[in-house]
Amino acid sequence: MRVLITGGAGFIGSNLTRYFNDNAPDVEIRIIDDLSTGRLDNLDGLRAEFTEGSILDYELLSGLSEGVDSIVHLAAIGSVPRSVKAPRPTHAANITGTLNVLEAARERGVEHVVVASSSSVYGSNPSLPKSEFDWTRPMSPYGVSKHATEGYAIAYGFSYGMKTLAFRFFNVFGPGQPADHDYAAVIPKFLDAALSGRELIVHGDGLQSRDFTYVDTVCAAILEAVQRRVSSLDPINLAFGTNTTLLELIEQLELTLNSPLSVEHVDRRVGDVRASQSDGVRIREIFPNVQPLPLAEGLERTANWFKQKRGVL
Ligand code: NAD
């Protein structure tokens, strides 16, 4: 079996490559990544055929889709604030890029496509926890782009009978997630600050909550989706129904690092949703074998990776 991972040099993509190498060693991995946020050294020691290039280069993408059984489409410009600052690049990479991936799959007869959507599609819907059948109202260009990503994947299922699957990821974290840029996610930012002895910056009151999902849990669901050719004409929330506020996350990090942490509160960020939690129902129904790693254990593994990187473990 051959799988093309778009965005395979990024945080989730490189963890997924490792996960495939370890758990399905017969699967050949092909990667396309423009290295805009991904890094080649994320793939050090992994078995994968890497091509540097953009999914906006249709000819290149189409060629790489030849002879592939599944595409896992992760390439995107992530981050809500980045999209608020510059919507056009997000639109191009995430919406036109997804259309290119689906067209390449259709042209080359790729049987199965998994795409990465996001909990950000729920946007201003206040209900909690979220089911896939709740209404969506994205609050940022990024949320809109992920809505289009899943919309296109599902429409290709209806229009062309393609086997497509749209996972809505909720705050994925784990080893390899970068902390060193303006748009870094909260867990790597907090760990980096804590291990450097800096204050943890909290936007707003810290009572905003998230359904944090450890990256290997996400990888386990994607691997199973590829192996079983799972497809769906509705999206699937890839999260298990936890609800952790940033203040609770900080308390947990104090336990993980065995040290008190100081916090600075700054203005809340435009486009950020207040609470994000899946009901975890469909994922458990369709992937009963995928067991989420508890937050404390995931933080421990992530903190160890950060410490190793700094040479303090
Ligand atoms: P990431 O930025 O580490 O990975 C994205 C990868 O795509 C990077 O390697 C980047 O270089 C590559 N890329 C960007 N534009 C490209 C283009 N035009 N052509 C080729 N490659 C391109 O982010 P991630 O956290 O690994 O996210 C992976 C996917 O999951 C994204 O689609 C993201 O929107 C989605 N997602 C992630 C989270 C999360 O919590 N990390 C939550 C919801 C959704």
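In this predicted model, a polar side-chain atom of Asp33 sits 2.5 Å from an oxygen atom of the ligand. Backbone atoms also approach the ligand. A polar backbone atom of Leu74 is 2.8 Å from a ligand oxygen. At Ser36, a backbone N or O atom lies 3.1 Å from an oxygen atom of the ligand. The protein buries 90% of the 820 Å² that the ligand exposes when taken alone.

The surrounding shell was examined next. It consists of 25 residues. Ile12, Asp33, Thr37, Tyr142 and Val172 are the closest of these. Asp33 thus appears both among the closest residues and as the source of the side-chain approach at 2.5 Å. By class, twelve shell residues are nonpolar, ten are polar and three are charged. Asp33 belongs to the charged class. Ile12 and Val172 count as nonpolar, as does Tyr142. Thr37 counts as polar.

Several secondary-structure elements contribute to this shell. Helix α1 (11-23), strand β5 (112-118) and helix α5 (141-160) each supply at least two residues. The largest share, three residues, comes from β5.

Helix packing was then considered, beginning with α1. This helix, which supplies shell residues, also packs against helix α7 (residues 215-228). The angle between α1 and α7 is about 60°, and their axes are 9 Å apart. The two helices are therefore oblique to each other. The crossing of α1 past α7 is right-handed.

Helix α10 (residues 295-309) takes part in two further packings, one with α6 and one with α8. Helix α6 (residues 186-196) meets α10 at an angle of about 55°, with the axes 10 Å apart. That angle makes α6 oblique to α10. The crossing of this pair is right-handed. For helix α8 (residues 246-257), the axis comes within 10 Å of that of α10, and the two cross at roughly 60°. That makes α8 oblique to α10 as well. The crossing of α8 and α10 is likewise right-handed.

Two backbone features fall in loops. The peptide bond joining Leu128 and Pro129 is cis, with omega at about -10°. Pro129 lies in the loop between β5 and α5. Both of these flanking elements supply residues to the ligand shell. The second feature is at Leu35. Its phi is near 60°, a positive value in a residue other than glycine. Leu35 is located in the loop between β2 (28-33) and β3 (49-52).

Note on methods: Residues numbered from 1 in each chain as written. Predicted model: local features only at pLDDT ≥ 70, side-chain atom pairs only at ≥ 80, totals over all residues. Heavy atoms only, no water. Near = heavy atom within 4 Å. Polar contact = N/O pair within 3.5 Å; in protein donor to acceptor, adjacent residues only side chain to side chain. Areas by Shrake-Rupley, 256 points an atom, 1.4 Å probe, with all protein chains shown as cover. Helix = DSSP H or I, 4+ residues; strand = E, 2+ residues; numbered from the N terminus. Axes fitted to C-alpha atoms, helices over the stretch in contact; angles between N-to-C directions. Parallel < 35°, antiparallel > 145°, perpendicular 65-115°, else oblique. Left-handed = near helix turned anticlockwise from the far one by under 90°.
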